[in-house]
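Trainee: I would like a close look at a single part of this model. Please start from one residue and work outwards.

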Amino acid sequence: MTVRAASTVSAPLRLAFVLWNGKIGGAETFAVALTRALRGLGVDARVVFVESGEPLAREFLEAGIPFEELRLKRGRATLSHPRRFARA
C-alpha cells in the first residue's frame, strides 16, 4: 500500500493544552517544553489556564507562546462556561 501526501496545502494544526493553573510542577514544565517544540515544527500550539496562569505564564511570555487565562474557579464553574473554552 502506498501512502501519498496531500497535494493541497492545509491550515496548520491547532492544538491547545489545558492546565488548571500556572503553579509550576512536572506536567506544567513539560507543557512549556512540548508547546515550544510543537511551535518550532509549525503547529499552532497554545495554552489555556482554567484559573490564573501565574507564575508559569511568565515562561510562556518569554518564549512567545500564546496563552489564555479564563480565571474560573475549580469545579462546576468550569462546566458552566463551555463557550469560553471554545473561544480560548
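Trainee: Where is the place of Glu-28?

Mentor: Glu-28 has its place in helix H1. A word on the source comes before the rest. This is a predicted model, in which local features need pLDDT of at least 70 and side-chain atom pairs count only at pLDDT 80 or more, while totals for chains, interfaces and linings use all residues. Residues are numbered from 1 along each chain as its sequence is written, and side-chain values use heavy atoms, with hydrogens and water left out.

Helix H1 covers residues 26-40. Helices here are DSSP runs of H or I with at least four residues, strands are runs of E with at least two, and both are numbered from the N terminus. The chain has four helices and three strands, in the order β-α-β-α-β-α-α from the N terminus on.

Glu-28 counts as buried because its relative accessibility is 18%, where buried means under 20% relative accessible area, exposed means over 50%, and partly exposed lies in between (1.4 Å probe, protein chains only). Apart from neighbours within four places in sequence, Glu-28 is in contact (heavy atoms within 4.5 Å) with Leu-19, Asn-21, Lys-23 and Leu-56. Of these partners, Leu-19 and Leu-56 are members of the largest nonpolar core.

A nonpolar core is a set of buried Ala, Val, Leu, Ile, Met, Phe, Trp, Tyr and Cys residues joined through side-chain atoms within 4.5 Å. The largest one has twelve residues, including Phe-17, Ala-31, Val-32, Leu-38, Val-47 and Ile-65. Strand S1 (14-19), helix H1 and strand S2 (44-49) each supply at least two residues of this core. Val-32, another residue to examine here, is in contact with Leu-56, Glu-59, Phe-60 and Ile-65, again leaving aside neighbours within four places in sequence. Leu-56 is thus listed as a partner of Val-32 and as a partner of Glu-28.

Next come the charged pairs. A salt bridge is a side-chain nitrogen of Lys or Arg within 4 Å of a carboxyl oxygen of Asp or Glu, and the count by this rule is five. Arg-39 pairs with Asp-44, with the closest N and O atoms 3.5 Å apart. Asp-44 counts as buried because its relative accessibility is 19%, whereas Arg-39, at 31%, counts as partly exposed. Glu-54 and Arg-58 form a salt bridge at 3.0 Å, N to O. Glu-54 is partly exposed at 36% relative accessible area, and Arg-58 is partly exposed at 49%. A further salt bridge joins Arg-71 and Glu-69 at 3.5 Å, N to O. Salt bridges that share partners also join Arg-14, Arg-39, Asp-44 and Arg-46 into one network.

Towards the C-terminal part of the numbering, Arg-84 lies in helix H4 (residues 82-87). Its relative accessible area is 29%, so Arg-84 is partly exposed. Setting aside neighbours within four places in sequence, Arg-84 is in contact with Leu-70 and Leu-72. Arg-84 and Leu-70 are 14 residues apart in sequence and 7.3 Å apart in space, C-alpha to C-alpha.

For the chain as a whole, 30% of the 88 residues count as buried. Among contacts with a separation of 6 or more, 51% are between residues 24 or more positions apart.
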